[in-house]
Structure formats: structure tokens, C-alpha cells
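Hi,

Here is the structure I promised to pass on. Have a look at it first, and then read on for what turned up.

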Amino acid sequence: MQLFKTSSSQARHSSVRSLLRRSACAALLLITATPAAAQSGDPTSFASAADVAAQVEEMGRAMKPGQGFSSRPLVRDDKTIAALEYWKAPGRPAVHPEEAEYALVVAGAGTMISGGTLEEAKVTRPGLTEGSRITGGTTRKLVPGDVILIPAGVPHWFGITGDRLVLLGTKLPRPQAR
């Protein structure tokens, strides 16, 4: 039985303790550095519920008398924008031939007619065809929390129930055929 450690045994234990200490420090540095590295490379665009509510209120205050529609980008990346759409009056029935439209009802209430046939269709600008009415479409009531996905090329129209209809919407390019 050895009562005293030899110098080589002490040196070995000291070396092991030093290695463990350095390993622990390195692990701690990796753990604490990883979130910072991930944050600096994070392309996410974010708006809190408070940000959304403040934007909706500000958009309502900024609308002029007789103005029926306003749109403002809320979050974006290089190619995609999710915008708040504030409706006080209905727009014209429309079709986006090359883009689907995804939307969430944020505030207010309204009606959506989708599908069917767009009557008296005219291209009003690239990516937008408008008409006088939709025949044969499906009518849905809209309230906050409703989610909408209108495929590219499908006629749609939003009516307003009450003082406003606010959507958070984004256009999604039609997938290319493979």
C-alpha cells in the first residue's frame, strides 16, 4: 500500500486535472458562443404581437378620408414580403396568374368570394388581372384567426363587414413544373 504519491504520479494527476479544466473551459466557450454565432447568421424577420397591433393602429390613423385600402410590409427576406393589408372598402375582384396568396385575418371582419369565373377580366398591371365581378364562386365569412390560401390563377374578392378588414398576406410564386 502506497501512503505517499510519487512525483510522477502527482504530475500525471496534475496533467489530467489541467486537461479537464481546459476541456471544461473550451466546452463552456462553445456553449456560450453558439447562440451568438447562430444569432448573427439568423435571416429571420420577426414582428411581435405588439408590433403587429401597433402597425394596424398606425395604418388606420394614417388612412385618408375616402381611402379604401392600404398596404405596408411587416416582415421580409430577400424575396418574400409579408404585408399588412388594411381594407376599409372592398377592392375589385382579382386574379394573380403567377402567384398564390396566403393570408391571415388579423382584425376586423369581412367576406371573401373565391373560385368561379372573373367577369370582364383586364390586366391592370403585371401580375394582376381585375374584373367587374366573380360568378360561381364560394362565399366565406372572415373573422380574426382565419387562414386563407388562394392558389395562383384563382379569382378572389374581399368585402368588408363593419369598419375594416385587416389581413397579413404574402404572395407565393407558382412552383415551376419539373
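How many helices and strands are there in the chain? There are two helices and 11 strands. Keep in mind that this is a predicted model. Going from the N terminus, the elements run α-α-β-β-β-β-β-β-β-β-β-β-β, so to speak in one line.

A few overall numbers. The chain has 178 residues, and 27% of them count as buried. If you take the contacts between residues at least 6 apart in sequence, 70% of them join residues at least 24 apart. The chain exposes about 12000 Å², with carbon and sulfur atoms supplying 58% of that area.

Now to the pocket. The largest one has a volume of about 640 Å³. It is lined by 26 residues, and the closest to its centre are Glu85, His96, Glu101, Arg125 and Lys171. By type, the lining divides into 10 nonpolar, eight polar and eight charged residues.

Which strand gives the most to that lining? E11 does, with seven residues. Strands E1 (69–76), E2 (81–87), E4 (99–114), E7 (128–130) and E11 (156–173) each supply at least two residues of the lining.

Since E11 came up, here are two of its residues that I looked at.

Val166 lies in strand E11. Is Val166 buried or exposed? Val166 counts as buried because its relative accessible area is 0%, and the cut-off for buried is under 20%. Leaving out residues up to four places away in sequence, Val166 touches Val56, Leu84, Glu85, Tyr86, Leu104, Val105, Val106 and Ala107. Glu85 in that list is also one of the residues closest to the centre of the largest pocket. The C-alpha atoms of Val166 and Lys88 are separated by 8.8 Å, with the two residues 78 apart along the chain.

Thr170 is also found in strand E11. Thr170 has a relative accessible area of 11%, so this residue is buried too. A polar atom of the Thr170 side chain lies 2.7 Å from the backbone oxygen of Ile81. Ile81 is also among the contacts of Thr170, along with Thr80, Ala82, Ala100, Glu101 and Tyr102, once neighbours within four places in sequence are set aside. Here Glu101 is another of the residues closest to the pocket centre.

If you open the model, E11 might be a handy place to begin.

Cheers

How values were computed:
Residues are numbered from 1 along each chain as its sequence is written. This is a predicted model: local features need pLDDT of at least 70, side-chain atom pairs count only at pLDDT 80 or more; totals for chains, interfaces and linings use all residues. Side-chain values use heavy atoms; hydrogens and water are left out. On a 1 Å grid over the protein atoms alone, a cavity is a set of points where a 1.4 Å probe fits but cannot get out, and a pocket is an open set with protein on both sides within 12 Å along at least five of seven lines; lining residues have an atom within 4 Å of a point. Grid points are joined across faces, edges and corners, and a volume is the space filled by probe spheres set on the points. Helices (H or I, at least four residues) and strands (E, at least two) are DSSP runs, numbered from the N terminus. Ala, Val, Leu, Ile, Met, Phe, Trp, Tyr, Cys and Pro count as nonpolar, Asp, Glu, Lys and Arg as charged, and the others, Gly among them, as polar. Buried means under 20% relative accessible area, exposed over 50%, partly exposed in between (1.4 Å probe, protein chains only). Contact means heavy atoms within 4.5 Å. Accessible areas come from the Shrake-Rupley method with a 1.4 Å probe; for residues, only the protein chains shown count as cover. A polar contact is a pair of N or O atoms within 3.5 Å; within protein, one must be able to donate a hydrogen and the other to accept it, and residues adjacent in sequence count only if both atoms are side-chain atoms.
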